[in-house]
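Dear colleague,

Please find below the structure that I am handing over to you. My findings follow it, and I should be grateful if you would read them with the structure open.

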Protein chains: 2
Amino acid sequence: DIVAGVEAFFAAATQPKPLAGRHVLVTSGPTIEPIDPVRFITNRSSGKQGHAVAAAAARAGARVTLVSGPVSIPDPKGVDVVRVETAQEMHAAVFAALPADVAVMAAAVSDWRPAEVAREKIKKAAGDPPPLAFVENPDILATLGHDGRRPQVVVGFAAETANVEANAARKLAAKGADYIVANDVSLQGGVFGGDRNSVRVLSAAGIDVWPTLAKDEVAERLIALIAERLG
Amino acid sequence: DIVAGVEAFFAAATQPKPLAGRHVLVTSGPTIEPIDPVRFITNRSSGKQGHAVAAAAARAGARVTLVSGPVSIPDPKGVDVVRVETAQEMHAAVFAALPADVAVMAAAVSDWRPAEVAREKIKKAAGDPPPLAFVENPDILATLGHDGRRPQVVVGFAAETANVEANAARKLAAKGADYIVANDVSLQGGVFGGDRNSVRVLSAAGIDVWPTLAKDEVAERLIALIAERLG
């Protein structure tokens with residue numbers, strides 16, 4: 001209705017814009033790694049958390065570049081979206097989008113890809129197929145965290161199914177990140193694909209355990225934290 | 001508008017129902033095969049062609065069971081949808097849905113699955129990970145085509161990127177199918193995920209090359225062919 005529309009307009013217009021003039025780079029969604037022209041490896045990331053961060057950054061006044069793997073959710077409003085499939089494509093798109101003031105690497109990037117991609121669909125033959133060999137993908141977060149063009153604030157995500165805090169603490173040091181947002185993505189948790197998230201935010205200052213929140217609220221809090229850090 | 005709604009209602013009401021009283025079983029979409037709790041192998045099938053076949057069968061008056069892998073398109077109207085993830089789940093759901101008069105196996109089922117599924121997310125470690133070993137999945141089409149409860153009409157799909165006709169002809173014989181709908185799903189063709197399809201329909205009578213059509217039109221033609229065969 002018209003009244004609600006007018007209210008929403010003025011709420012947006014009068015909302016504080018702590019990231020005005022800033023460029024925020026966000027990655028989101030899964031990556032996919034082809035095995036052949038039709039088959040690929042991917043993961044259960046829906047892109048909901050990364051897209052929510054991009055939307056929250058835009059609402060906070062930032063210019064936002066969202067580098068997204070294949071997702072089935074709509075593009076956030078007011079955000080430049082760069083679509084990619086593989087980790088290598090995401091890596092290239094992230095570095096092409098620099099300079100940025102802030103990077104939030106929320107995508108669930110494939111750690112590995114098949115060592116060879118078959119040019120034609122691999123045919124079924126008698127017996128089991130040969131094992132699939134893998135090579136390591138570029139570590140986008142670690143590369144960015146140690147790059148000469150490193151954004152002022154770098155945030156990584158750690159999707160874990162066990163030893164969540166220990167793994168996230170190790171990542172904080174190894175990746176050159178200011179924050180690691182750790183979440184438990186074991187299937188029981190329903191985080192991948194779901195609308196809520198239970199995160200722990202690790203930084204040099206320690207661990208902050210957030211309550212279970214809507215992914216939009218996690219995004220708002222994270223953007224507030226980043227804005228405060230930028231000063 | 002109301003006039004169009006009334007017209008659509010009467011068009012549907014007066015449409016011939018050649019499959020009235022028949023049970024049509026359709027599979028659609030990809031299957032996914034877990035590697036660990038977050039990673040999996042899948043393929044580029046969108047489910048559009050299989051879902052269109054299910055919708056066309058329902059419009060032709062059939063009771064329709066659609067066994068679908070994970071897709072991001074809506075359920076067709078008037079169809080019972082059974083959601084599955086893996087080839088083994090799809091196999092079980094297909095046999096649980098019998099008896100049927102017609103089976104159209106349009107899903108892009110994973111030929112193989114990882115020999116072992118890790119209980120926790122596989123951690124990145126120094127060096128490349130060990131190769132992934134596979135085992136063969138059940139061949140749903142071939143099992144159904146040779147089963148004692150075989151539907152009267154069995155239709156398989158053959159998604160190929162090379163030697164389309166030769167591979168499809170081999171499948172017709174091997175799978176015990178009445179028809180194989182062969183299509184070229186090389187990336188250049190844009191069939192997987194796209195709205196149009198170029199198919200060749202193989203049967204004991206020979207090969208019928210259909211023009212490039214909307215997937216809905218391919219579905220309508222296929223249902224007409226099946227209805228004629230059922231007599």
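In this predicted model, the side chains of A:Asp139 and A:Lys175 form a salt bridge, with 2.5 Å from N to O. A:Asp139 belongs to the loop between S8 and helix H4 (140–145) of chain A, while A:Lys175 belongs to helix H5 of chain A, so this pair ties together parts that are 36 residues apart in sequence. Over all chains, a search of the whole structure gives 24 salt bridges.

Four salt bridges are counted between chain A and chain B. One salt bridge brings together the side chains of A:Arg44 and B:Glu85, at 3.1 Å from N to O. Between the two chains there are also 13 residue pairs in polar contact, with both residues at pLDDT 80 or more.

As to which parts of chain A take part, the elements that give two or more residues to the side touching chain B are strand S3 (39–43), strand S8 (134–136), strand S9 (153–160) and helix H5 (164–175) of chain A. The largest share, five residues, is that of S3(A). Sorted by class, this side of chain A holds 22 nonpolar, seven polar and 13 charged residues.

The extent of the interface may be described in two ways. In terms of residues, 42 of chain A are in contact with 42 of chain B. In terms of area, about 3,700 Å² is buried between chain A and chain B, and carbon and sulfur atoms give 53% of it. A:Arg44, A:Trp112 and A:Lys124 supply 20% of the area that chain A buries against chain B, which is more than any other three residues. A:Arg44 is thus named twice in this account, since its side chain also meets that of B:Glu85 in the salt bridge described above.

The two chains also share a sheet. It is an open sheet of four strands in the order S2(A)-S3(A)-S3(B)-S2(B), and the pairing is antiparallel. Its edge strands are strand S2 (33–34) of chain A and strand S2 (33–34) of chain B, each of which pairs on one side only. Within chain A, S2(A) and S3(A) run antiparallel and are joined by two bridges. Across the chains, S3(A) is joined to strand S3 (residues 39–43) of chain B by five bridges, and these strands likewise run antiparallel. A:Phe40 figures in both pairings: A:Pro34 stands opposite A:Phe40, and the bridge partner of A:Phe40 in S3(B) is B:Thr42.

How is chain A related to chain B? A rotation of 180 degrees, with 0.0 Å of shift along its axis, superposes chain A on chain B with an RMSD of 0.1 Å. This is the relation of a two-fold axis. Among the residues of chain A, A:Ile41 comes closest to the rotation axis, its C-alpha being at 2.2 Å. Both copies use the same surface, for 100% of the contact residues of chain A recur in chain B.

Finally, a point on the backbone. Most peptide bonds are trans. The bond from A:Leu98 to A:Pro99, however, is cis, with omega near 5 degrees. A:Pro99 is placed in the loop between helix H3 (87–96) and strand S6 (102–105) of chain A. In chain B, a cis peptide bond joins B:Leu98 and B:Pro99, with omega about 5 degrees, and B:Pro99 is placed in the loop between helix H3 (87–96) and strand S6 (102–105) of chain B.

With kind regards

Notes:
Residues numbered from 1 in each chain as written. Chains lettered and ligands numbered in written order. Predicted model: local features only at pLDDT ≥ 70, side-chain atom pairs only at ≥ 80, totals over all residues. Heavy atoms only, no water. Contact = heavy atoms within 4.5 Å. Buried area = accessible area lost by both parts, 1.4 Å probe. Polar contact = N/O pair within 3.5 Å; in protein donor to acceptor, adjacent residues only side chain to side chain. Nonpolar A, V, L, I, M, F, W, Y, C, P; charged D, E, K, R; others polar. Pairing = 2+ DSSP bridges. Least-squares fit on C-alpha atoms with pLDDT ≥ 70 in both.
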